[in-house]
Every structure is written in structure tokens, then in C-alpha cells.
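Here are my notes for when you have the model open. Have a look at the fold before you read on.

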Amino acid sequence: MAHGEVLEFEEYVRTRQEALLRSARRLVPDPVEAQDLLQTALVRTYGRWDGIADKSLADAYLRRVMINTRTEWWRARRLEEVPTEQLPEAAVEDGTEQHADRALLIEALKVLAPKQRSVVVLRHWEQMSTEETAAALGMSAGTVKSTLHRALAKLRQELRSRDLDGRAAERAGTRRTHHGERERERCAA
């Protein structure tokens, strides 16, 4: 490709990039995949740029390349699927339980002293090493270990007591339900 055509292509990409990216996003839902699609289409179009006689049709040509590329990707993925006689059990996790666990843990962290809470958060949530935690908090590695040990024991105790409280409340709710059923049965008789 001649130098002038290279500059012409670069100018075209610079001026039309946003519109072309919007088109790519309409073709594939994932924004990163849309960028990949546009880049692949631009590379393919670059090799044929001098063959496009009417440059006013370049958008249409490039969109056609994006559609063809997306179709190729879809076909390639489809070939990776293996048909089976039995469908696997579909386990759809909605994350509700994970969010509830996280909320419970955040609530339980409130029982810890600030120093203990800092050690637990840095070691387990931020996944810092003992040495990194010690440096961040200005304490020795031994102090981090002992503080973490005591904090985790306190957290376990707190979570156990909350679990017992929850089960007791659950049983009380069940008893109320059974009691209500007996009352209804007596009134009906």
C-alpha cells in the first residue's frame, strides 16, 4: 500500500472510530469483545484498503467485515460444543447467598477492636502477607499473627452465636406457625 493510502486509512480510522465502535457494540454485547471485533475488522480492511475504489462506501465495507468476523467467531465457538444424550444439571448461582454471607461477615467484624479488624481485613480481604500487613500497620510479624489468631477466634465465636440465635428464631417461628394451625383447627371444629 502506498504511503498516501496509509495516511488516508489512518485519517479514516481517526474520524470514524467512534461510529464504528458503536456499530461493533450493537453486534456483540460485551464492550471488550466489541473493541476486539472492530480491531480485527480494521486489520482486515487495512489489507484491502487500496481495493476500495469509492471510499465513501468504506463504512459499509467495514461493517460487512465486522458482521462476517462476528459470524466466524460464533461458528468457531459453536464447534467447541459437544452434544450429549443427557443435559447436565443446571446450577444457576445468583450470588444471593454469597452477598448474605458477606453482609453477615461485615456485620460480625464490628465486634472486633479496630486493630484486630485491620489485621483481618489486610490479611484475608486484601490478601497481604504477614510481613506486608506488619509493615502497613507498623507492628511486628509476631504481633500480626497473635492479633489475627485472637481476632479469628472472636469472629468464629460471634458467627456461632449468631447462627444459634438464627436457629432459635427459626424454631420460634415454626412453633408460632404450628400454634396458629392448631388454633385454626379448633375454631373450624
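The points below go from the overall fold to the cores and then to single residues.

1. Ground rules. This is a predicted model, so local features need pLDDT of at least 70 and side-chain atom pairs count only at pLDDT 80 or more, while totals for chains, interfaces and linings use all residues. Residues are numbered from 1 along each chain as its sequence is written, and side-chain values use heavy atoms, with hydrogens and water left out.

2. Overall fold. The protein chain has seven helices and zero strands; both are DSSP runs, numbered from the N terminus (helices are H or I with at least four residues, strands are E with at least two). Of its 189 residues, 23% count as buried, where buried means under 20% relative accessible area, exposed over 50%, and partly exposed in between (1.4 Å probe, protein chains only).

3. Surface. About 14,200 Å² of the protein chain is exposed, and carbon and sulfur atoms supply 53% of that. Accessible areas come from the Shrake-Rupley method with a 1.4 Å probe; for residues, only the protein chains shown count as cover.

4. Main core. The largest nonpolar core (buried Ala, Val, Leu, Ile, Met, Phe, Trp, Tyr and Cys residues joined through side-chain atoms within 4.5 Å) has 18 residues, and Tyr-12, Leu-38, Leu-62 and Met-66 have the most contacts inside it. Helix 1 (3-27), helix 2 (31-46) and helix 3 (58-80) each give two or more residues to this core. Helix 1 supplies the largest share, six residues.

5. Second core. Apart from that one lies another core, of eleven residues, including Ala-108, Val-119, Val-120 and Leu-148.

6. Leu-20 and Met-66. Leu-20 sits in helix 1 and is buried, with a relative accessible area of 1%. Leaving aside residues up to four places away in sequence, Leu-20 touches Tyr-12, Leu-38, Asp-59, Leu-62 and Met-66; contact means heavy atoms within 4.5 Å. The C-alpha atoms of Leu-20 and Arg-63 are 7.6 Å apart, though 43 residues separate them along the chain. With the same exclusion, Met-66 touches Leu-20, Ser-23, Ala-24, Leu-27, Leu-37, Leu-38 and Ala-41.

7. Helix 5. Does the length add up, and what should residues 114-125 span? At 1.5 Å a residue, the twelve residues should span 16 Å, and the end C-alpha atoms are 15 Å apart, which agrees; the expected span is 1.5 Å times one less than the number of residues. Gln-116, Val-119, Val-120 and Leu-122 are buried in this helix. Just after helix 5, Gln-127 takes a positive phi of about 55 degrees.
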